[in-house]
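Visitor: I would like to learn how to read the features of a model such as this one. Please show it first.

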Amino acid sequence: PCVGLRKKLKASYEDNVLLERFLLEGFEDPPPDQPPMKVEPLLDALRSERYVFIKELSVWDVPLRHENVASVALLLEKQVYPVRQLELLDCGIESYPVTRLARSFPGHPFLSTIILDYNEIGDEGCE
């Protein structure tokens, strides 16, 4: 999984350049044979490569269920990843997964910007 990402990470090591911004963007009109896009392969690749220089993590137009949001929360809770900005835009996130994500915020000293625009959070998710 994420073979392209692993190649980019290895190339960045060789070129002595840090990759700090990561974007996972869904398809507007995916082909019928396209499997659904998921955030876990990206997070697993970053963990398996022990890549800890992430400053911005953006997920756009990728449907995220509770377990997917929990995977992002676990990444933040590790406190090894200095994520400063988290963007989960138009991912269909509802109020319950947001409460799980919010529990990871107090223990993450680096996070300063959280963008959850175009989700279905409602008033319950903002409490």
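The dialogue below takes up the sheet, the salt bridges and the largest pocket.

Guide: This is a predicted model, in which local features need pLDDT of at least 70 and side-chain atom pairs count only at pLDDT 80 or more, while totals for chains, interfaces and linings use all residues. Residues are numbered from 1 along each chain as its sequence is written, and side-chain values use heavy atoms, with hydrogens and water left out.

Visitor: In what order do the four strands of the open sheet stand?

Guide: Strands (E, at least two residues) and helices (H or I, at least four) are DSSP runs, numbered from the N terminus, and two strands pair if DSSP finds at least two bridges between them. Here the order is β1-β2-β3-β4, with parallel pairing. β1 (21-25) and β4 (113-115) are the edge strands; each has a single partner, so one side of each lacks a neighbour in the sheet. From one strand to the next, the twist averages 5 degrees (axes are lines fitted to C-alpha atoms, for helices over the stretch in contact, with angles from 0 to 180 degrees between N-to-C directions).

Visitor: How many bridges pair β1 with β2?

Guide: Five, in the parallel sense, and Arg 21 stands opposite Glu 56 in β2. Strand β3 (residues 85-89) is joined to β4 by three bridges, with Gln 85 opposite Thr 113. As for its faces, β1 has Phe 22 and Leu 24 on the covered one and Arg 21, Leu 23 and Glu 25 on the uncovered one.

Visitor: How many salt bridges does the structure hold?

Guide: Side chains of opposite charge can pair when their charged atoms come close. The cut-off is a side-chain nitrogen of Lys or Arg within 4 Å of a carboxyl oxygen of Asp or Glu. The structure holds six such pairs. One of them joins Arg 6 to Glu 49, with 3.4 Å between the closest N and O atoms. Arg 6 belongs to helix α1 (residues 3-14) and Glu 49 to the loop between α2 (40-48) and β2 (56-60), so the pair ties together parts 43 residues apart in sequence.

Visitor: Which residue does Lys 55 meet in a salt bridge?

Guide: Its partner is Glu 20, at 3.4 Å from N to O. This pair also links distant parts of the chain, with Lys 55 in the loop between α2 and β2, Glu 20 in the loop between α1 and β1, and their positions 35 residues apart. By relative accessible area, buried means under 20%, exposed over 50% and partly exposed in between (1.4 Å probe, protein chains only). Lys 55, at 25%, is partly exposed, and Glu 20 counts as partly exposed at 30%.

Visitor: Where do Asp 44 and Arg 47 lie?

Guide: Both are in helix α2, three residues apart, about one turn of the helix. Their side chains meet in a salt bridge of 3.6 Å, N to O.

Visitor: How much space lies in the largest pocket?

Guide: Rolling a probe the size of a water molecule over the atoms shows where empty space is left. On a 1 Å grid over the protein atoms alone, a pocket is an open set of points where a 1.4 Å probe fits, with protein on both sides within 12 Å along at least five of seven lines; lining residues have an atom within 4 Å of a point. Points are joined across faces, edges and corners, and the volume is the space filled by probe spheres set on them. The largest pocket holds about 240 Å³. Its lining has 17 residues, and those closest to the centre are Pro 36, Met 37, Lys 38, Val 62 and Pro 63.

Visitor: How far apart are the C-alpha atoms of Met 37 and Val 62?

Guide: They are separated by 6.5 Å, although the two residues are 25 apart along the chain. Met 37 sits in the loop between β1 and α2.
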